[in-house]
Amino acid sequence: MRSRTYLMWLLFLLGISFTAGSQEVGASKTSIPELLSWYNTSTVPYLKVQTLQVNYKDYVIFDTRKKEEYDISHLPNATWVGEKYDVKKLSAVGKDTKIVVYCSVGIRSEEYGEEMLQDGFTQVYNLYGSIFYWKDAGYNVVDQNEKPTQRVHVYARKWATFLKTGEKVF
């Protein structure tokens, strides 16, 4: 995370401006792998959606999106922790627990996962493609009442092209 911040400041000083999560930069990419290659540094190991599906019960799953995104839909039994890392929210989770973090495509969740690793958690994984790839693979998402839904919050209108299935919510 520090290296990303340093890079952003360096680019800013050189007159090149962008922000992590920017709709403009994200819109210039054509696929989730391009987005992840652009934004992420792979400091948190990726876990494929298919691997999570097969071994779902082995992981504690954290949703690192905004509450309104989580309320529209989330992975079944996922716990909302939000975008801002707060170790107090994780006090009941052992440092050696297998944990998967996710967001819309895997950018915000990498930052959250980095914080967890820095705080001593040892088995943290970033869901590759996050909820977009999960939904596109045909796996269920649920609403705030844990009922299956087709709706997925896409973060911002320009990011909607990265979700191929389901009903896009802005």
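**Histidine 74**

I started with histidine 74 and asked how accessible it is: at 0% relative accessibility it counts as buried. I'm working from a predicted model here, so everything below is read off a prediction. Histidine 74 sits in the loop between helix H5 (67–72) and S3. I looked for a polar partner and found glutamate 146: the two side chains make a polar contact of 2.8 Å. Then I listed what else histidine 74 touches, skipping residues up to four places away in sequence. The list includes Asp63, Arg65, Tyr102 and Ile131, and also a run of Val141, Val142, Asp143 and Gln144.

**Aspartate 63**

Asp63 was on that list, so I went there next, since 0% relative accessibility makes aspartate 63 buried. Aspartate 63 belongs to strand S2. Which side chain does aspartate 63 join in a polar contact of 2.6 Å? I found that it is tyrosine 102. Leaving aside neighbours within four places, aspartate 63 is in contact with Tyr70, His74, Thr79, Trp80, Val81, Gly82 and Tyr102. I checked one of these pairs by C-alpha atoms: aspartate 63 and glycine 82 are 19 residues apart along the chain, but their C-alpha atoms are separated by 6.6 Å.

**The sheet**

I zoomed out and counted seven helices and nine strands in the chain. Five of the strands form an open sheet, in the order S1-S5-S4-S2-S3, with parallel pairing. Why do S1 and S3 each have a side without a neighbour in the sheet? They stand at the edges with a single partner strand each, so one side of each is left free of a neighbour there. For S1, I looked at the link to strand S5 (residues 123–127): two bridges join them, and they run parallel. One bridge I could name pairs tyrosine 46 with asparagine 126 in S5. Helix H6 packs on this sheet, touching S1, strand S2 (60–63), strand S4 (98–102) and S5. The direction of H6 makes about 150° with that of S4.

**Arginine 108**

Next I clicked on H6 itself, which covers residues 108–118 and has arginine 108 in it. Is arginine 108 buried or exposed? The relative accessible area is 15%, so arginine 108 is buried; the cut-off for buried is under 20%. The side chain of arginine 108 makes a polar contact of 3.0 Å with that of serine 104. Further along the sequence in either direction, arginine 108 touches Thr64, Arg65, Lys66, Glu69, Glu83, Cys103 and Tyr155.

**Cores**

I then looked for nonpolar cores. In soluble globular proteins, nonpolar side chains tend to be buried together. The largest core in this model has 29 residues, and Leu52, Ile61, Leu75, Leu127, Phe132, Trp134 and Trp159 have the most contacts inside it. Helix H3 (32–39), helix H4 (49–54), S4 and H7 each give two or more residues to this core. H3 gives the most, with four residues. Apart from this core lies another one, of eleven residues, among them Val44, Val81, Leu90 and Val101. I also pulled up the contacts of leucine 127, leaving aside neighbours within four places: they include Leu47, Leu52, Leu75, Val100, Val105 and Trp134.

**Tyrosine 133**

H7 came up in the core list, so I picked tyrosine 133 from it, as H7 spans residues 130–136. Tyrosine 133 has 27% relative accessibility, so it counts as partly exposed. Tyrosine 133 is in contact with Ile32, Pro33, Val49 and Tyr128, leaving aside neighbours within four places in sequence. I also noted serine 104 again: tyrosine 133 and serine 104 are 29 residues apart in sequence and 8.7 Å apart in space, C-alpha to C-alpha.

**Two positive phi values**

I looked up two backbone angles. Serine 42 has a positive phi of about 60° although it is not a glycine. Serine 42 is in the loop between H3 and S1, and at 47% relative accessibility it is partly exposed. Asparagine 77 also has a positive phi, near 65°, and is not a glycine. Asparagine 77 lies in the loop between H5 and S3, and at 62% relative accessibility it counts as exposed.

**Whole chain**

Last, I noted some totals. Of the 170 residues in the chain, 44% are buried. The accessible surface comes to about 8,900 Å², and 54% of it belongs to carbon and sulfur atoms. Among contacts between residues at least 6 apart in sequence, 66% join residues at least 24 apart.

Methods
Residues are numbered from 1 along each chain as its sequence is written. This is a predicted model: local features need pLDDT of at least 70, side-chain atom pairs count only at pLDDT 80 or more; totals for chains, interfaces and linings use all residues. Side-chain values use heavy atoms; hydrogens and water are left out. Buried means under 20% relative accessible area, exposed over 50%, partly exposed in between (1.4 Å probe, protein chains only). A polar contact is a pair of N or O atoms within 3.5 Å; within protein, one must be able to donate a hydrogen and the other to accept it, and residues adjacent in sequence count only if both atoms are side-chain atoms. Contact means heavy atoms within 4.5 Å. Accessible areas come from the Shrake-Rupley method with a 1.4 Å probe; for residues, only the protein chains shown count as cover. Two strands pair if DSSP finds at least two bridges between them. Axes are lines fitted to C-alpha atoms, for helices over the stretch in contact, and angles run from 0 to 180 degrees between N-to-C directions. A nonpolar core is a set of buried Ala, Val, Leu, Ile, Met, Phe, Trp, Tyr and Cys residues joined through side-chain atoms within 4.5 Å.
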